[in-house]
Amino acid sequence: MTAVAIFGVSGRTGGALTAAARARGWTIRSYARISSVAPSGVAVISGTFGDVAQIVPVVECVDAVCCVYGPRAPYVDVFCAAATRAVIAAMQRTPCHRLLCVTGAMIGDVPTRSRPMAWARSWFRWRRPAVAQDRDEQEAIVMASDLDWTIVMPPRLTEAGPSGRVLAGPDLPVGLRSAVSRADLAAFMLDEIATPRFVRERIIVQQGH
Ligand SMILES: NC(=O)c1ccc[n+]([C@@H]2O[C@H](COP(=O)([O-])OP(=O)(O)OC[C@H]3O[C@@H](n4cnc5c(N)ncnc54)[C@H](OP(=O)(O)O)[C@@H]3O)[C@@H](O)[C@H]2O)c1
């Protein structure tokens with residue numbers, strides 16, 4: 001049976017991942033801050049993301065780790081780089097080497113031929129420079145690791161159900177209308193764990209037509 005560790009389990013993508021993993025009969029472990037409300041029935045260890053020793057038991061017996069946390073509105077929390085550094089440090093003490101880390105299509109160097117999208121990315125970086133820098137650093141930490149990582153960069157996330165029409169790749173152009181449902185994103189991530197296609201790649205994942 002496949003086992004997956006979810007960091008950010010209390011969020012909407014965390015919930016979609018939990019539902020999808022359960023539907024496949026996978027085992028779920030997770031770690032969350034003390035105030036988090038995780039889906040019922042999920043084994044959660046609560047603590048601070050600074051505590052690597054506390055994270056080790058969450059990742060030591062799993063096949064893959066998914067990091068799907070990010071700042072909630074009003075999008076001012078700067079914690080993703082430090083949290084990801086701690087998760088990776090914990091993984092490096094265990095046999096688990098597969099990491100899927102969700103960032104976003106506004107983060108880092110992302111191919112776009114869309115002027116509005118390029119403008120939106122600039123606006124985000126101007127409006128939230130500390131968050132943008134934190135997410136850039138998060139990606140840099142993942143890419144500098146010796147893990148089998150995949151950075152997953154969705155555009156706008158929606159609560160639409162599964163469409164089964166997902167496009168994924170490093171060079172997919174994104175625009176302001178690009179989107180993917182959390183259900184599709186979750187299914188893609190579990191498929192990528194089951195059959196790795198994008199190891200050590202940064203990829204856009206979005207809904208196709
Ligand atoms: N929303 C979008 O349209 C969009 C687009 C592209 C990429 N993304 C990225 O996709 C990922 C999932 O997004 P989502 O909208 O599904 O997430 P979400 O529902 O907003 O959930 C955010 C998760 O991050 C955790 N978190 C927030 N602040 C934290 C902090 N200071 N310390 C520790 N944990 C914290 C939350 O825990 P609590 O429950 O404790 O708050 C929760 O588990 C994120 O990386 C996000 O940046 C989102």
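**Ligand shell and pocket**

In this predicted model, 23 residues surround the ligand, and the closest are Ser10, Thr13, Ser36, Tyr69 and Arg72.

Q: What makes a residue one of the 23 that surround the ligand?
A: One of its heavy atoms must lie within 4 Å of the ligand. Ser10 and Thr13 are among the closest.

Q: Why is the pair between Arg72 and the ligand called a polar contact?
A: The cut-off for a pair of N or O atoms is 3.5 Å. A polar side-chain atom of Arg72 lies 2.7 Å from an oxygen atom of the ligand. That is within 3.5 Å, so the pair counts.

Q: What makes the approach of Tyr69 to the ligand a polar contact?
A: Here a backbone N or O atom of Tyr69 lies 2.7 Å from a ligand oxygen atom. The limit is 3.5 Å, so this pair counts.

Q: How do you know that Arg33 makes a polar contact with the ligand?
A: A polar side-chain atom of Arg33 lies 2.8 Å from an oxygen atom of the ligand. This pair is within 3.5 Å and therefore qualifies.

Q: How much of the ligand does the protein bury?
A: Taken alone, the ligand exposes 910 Å². The protein buries 85% of that.

Q: Why is the ligand said to sit in the largest pocket?
A: The test is that more than half of its atoms lie within 2 Å of the pocket's grid points. The ligand sits in the largest pocket, so it passes that test.

Q: Which elements give two or more residues to the shell around the ligand?
A: They are helix 1 (12-23) and strand 7 (156-158).

Q: What makes up the shell by residue class?
A: Eight residues are nonpolar, eight polar and seven charged.

Q: What is known of the largest pocket's volume and lining?
A: The volume is about 1400 Å³. The lining has 46 residues, and Arg12, Gly70, Pro71, Tyr75 and Arg135 lie nearest the centre. Helix 4 gives the largest share, six residues. By class, the lining divides into 24 nonpolar, 13 polar and nine charged.

Q: Why is the bond between Ala73 and Pro74 worth a remark?
A: Most peptide bonds are trans. The bond joining Ala73 and Pro74 is cis, with omega about 10 degrees. Pro74 is in the loop between strand 4 (64-67) and helix 3 (80-91).

Q: What makes the phi of Tyr75 stand out?
A: Most residues other than glycine have a negative phi. Phi of Tyr75 is near 60 degrees, a positive value. Tyr75 is in the loop between strand 4 and helix 3.

Definitions and conventions. Residues numbered from 1 in each chain as written. Predicted model: local features only at pLDDT ≥ 70, side-chain atom pairs only at ≥ 80, totals over all residues. Heavy atoms only, no water. Polar contact = N/O pair within 3.5 Å; in protein donor to acceptor, adjacent residues only side chain to side chain. Areas by Shrake-Rupley, 256 points an atom, 1.4 Å probe, with all protein chains shown as cover. 1 Å grid on protein atoms, 1.4 Å probe; cavity = no way out; pocket = protein on both sides within 12 Å on 5 of 7 lines; lining within 4 Å. Helix = DSSP H or I, 4+ residues; strand = E, 2+ residues; numbered from the N terminus. Nonpolar A, V, L, I, M, F, W, Y, C, P; charged D, E, K, R; others polar. Points joined across faces, edges and corners; volume = space filled by probe spheres on them.
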